[in-house]
Amino acid sequence: MSFRRIQPNMERQPLDEIDELIRWALLDSVAGEEPSPQVWQDIKARLMTRSRAMPSQSGVEHRWRHFASTIQAWALGILAPLDANWHSRLAPRERSYLVWRENLLLSMMPAAALIIC
Amino acid sequence: MSLSEDGRLISQIRQGNILALEALYKKYKGQVYRTALAITRDREAAEDVLQDCFLKVYTHVDKLDGSLPLSPWLHRVAVNLSYNWADKRSRWLRPLEEVIDCLVAGPHTLPESVLERGELQRVIQKAIASLSFEHRVVIVLFYLDGFSLNEIAYISDCPVGTVKSRLHYARRNLRRKLERDRRLSPEVVYEFS
């Protein structure tokens with residue numbers, strides 16, 4: 001099923017009174033409206049702030065991401081055998097060790113930050 | 001400014017050229033702002049949408065395809081941002097606004113002789129504003145911006161069939177509201193294929 005009468009072409013004559021009214025009301029409601037010049041100033045200011053605040057991706061951030069992913073892989077590698085062992089022994093409701101594993105990983109993050117510093 | 005000019009500006013923005021972003025901003029600011037304004041009916045919100053929209057152009061410029069028209073992408077972002085604004089606002093402000101509307105609204109059956117152009121326009125705008133967000137977006141994109149159904153489907157992130165359906169029901173709701181207020185002649189039967 002498809003419309004045959006409504007077309008998006010604004011140059012065409014209105015097809016029905018309702019189309020004419022909607023278009024007229026919408027166009028009139030925003031006629032002459034422009035954003036204030038301050039909007040562009042704000043955009044520019046935010047971009048400047050952002051570029052000053054962010055070091056380049058190839059520098060510190062890149063090294064940090066690489067180091068963090070290495071630490072994560074290392075920690076998961078150590079915990080994997082324990083994980084499998086505990087998982088087989090514990091009942092579903094007792095598997096709160098998963099939470100402890102998350103906490104352990106989180107607690108390693110400050111240590112990693114200290115190493116970087 | 002041609003489409004390839006947009007592509008050239010996008011590639012310059014990728015290199016961190018803010019002047020290129022400013023050129024794009026100047027080209028599209030009016031269109032995006034007026035669309036956001038028609039959807040939100042709030043100048044401050046429309047300016048926030050415009051601002052965030054162009055910040056997203058800068059931050060997501062690597063994902064932009066310079067060979068495609070930029071306008072639908074910008075409108076897609078603007079509609080999403082408007083939706084977020086409307087969603088936040090509806091949780092806190094709409095109930096209060098509805099109460100105020102009920103208190104200050106006049107009788108719905110004014111004689112036609114006293115209706116003036118401004119009054120008719122106010123009634124239509126209020127009827128459009130009373131539509132659901134999805135219906136209002138489709139109406140604005142179709143009638144104000146003149147986007148095709150396919151473009152509206154991309155902007156709204158839904159199938160073309162859904163756009164047709166929303167347009168049909170939004171239009172029917174508007175017609176009923178205006179007929180109820182005796183501002184419109186009886187409905188013309190539409191052909192479907």
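Where in chain B is B:S132 found? In this predicted model, B:S132 sits in the loop that links α6 (117-129) to α7 (133-144) of chain B. B:S132 counts as exposed, because just 12 other C-beta atoms lie within 10 Å, and the cut-off for exposed is 12 or fewer. Follow the chain and B:R166 is 34 residues away from B:S132 in sequence, yet in space the two are 9.9 Å apart, C-alpha to C-alpha.

Next comes the packing between chains. Helix α1 of chain A, residues 17-30, meets α7(B): the two axes come within 9 Å and cross at roughly 90 degrees. That crossing angle makes α1(A) roughly perpendicular to α7(B). On the chain A side, A:I22, A:R23, A:L26 and A:L27 make the contact, and on the chain B side the partners are B:I139, B:V140, B:Y143 and B:L144. Sorted by type, the residues where α1(A) touches α7(B) come out as 7 nonpolar and 1 charged, with no polar ones.

Further along chain B lies helix α8, which spans residues 149-156. Which residues of α8 are buried? They are B:E151, B:I152, B:I155 and B:S156. These four residues are on the same side of α8(B), because they cover an arc of only 125 degrees around its axis. An α-helix has 3.6 residues a turn, so residues three or four places apart point the same way. Right after α8(B) comes B:D157, and its phi is positive, near 55 degrees.

Methods:
Residues numbered from 1 in each chain as written. Chains lettered and ligands numbered in written order. Predicted model: local features only at pLDDT ≥ 70, side-chain atom pairs only at ≥ 80, totals over all residues. Buried ≥ 20, exposed ≤ 12 C-beta atoms within 10 Å, placed from the backbone. Helix = DSSP H or I, 4+ residues; strand = E, 2+ residues; numbered from the N terminus. Arc of directions from axis to C-beta. Axes fitted to C-alpha atoms, helices over the stretch in contact; angles between N-to-C directions. Parallel < 35°, antiparallel > 145°, perpendicular 65-115°, else oblique. Contact = placed C-beta atoms within 7 Å. Nonpolar A, V, L, I, M, F, W, Y, C, P; charged D, E, K, R; others polar.
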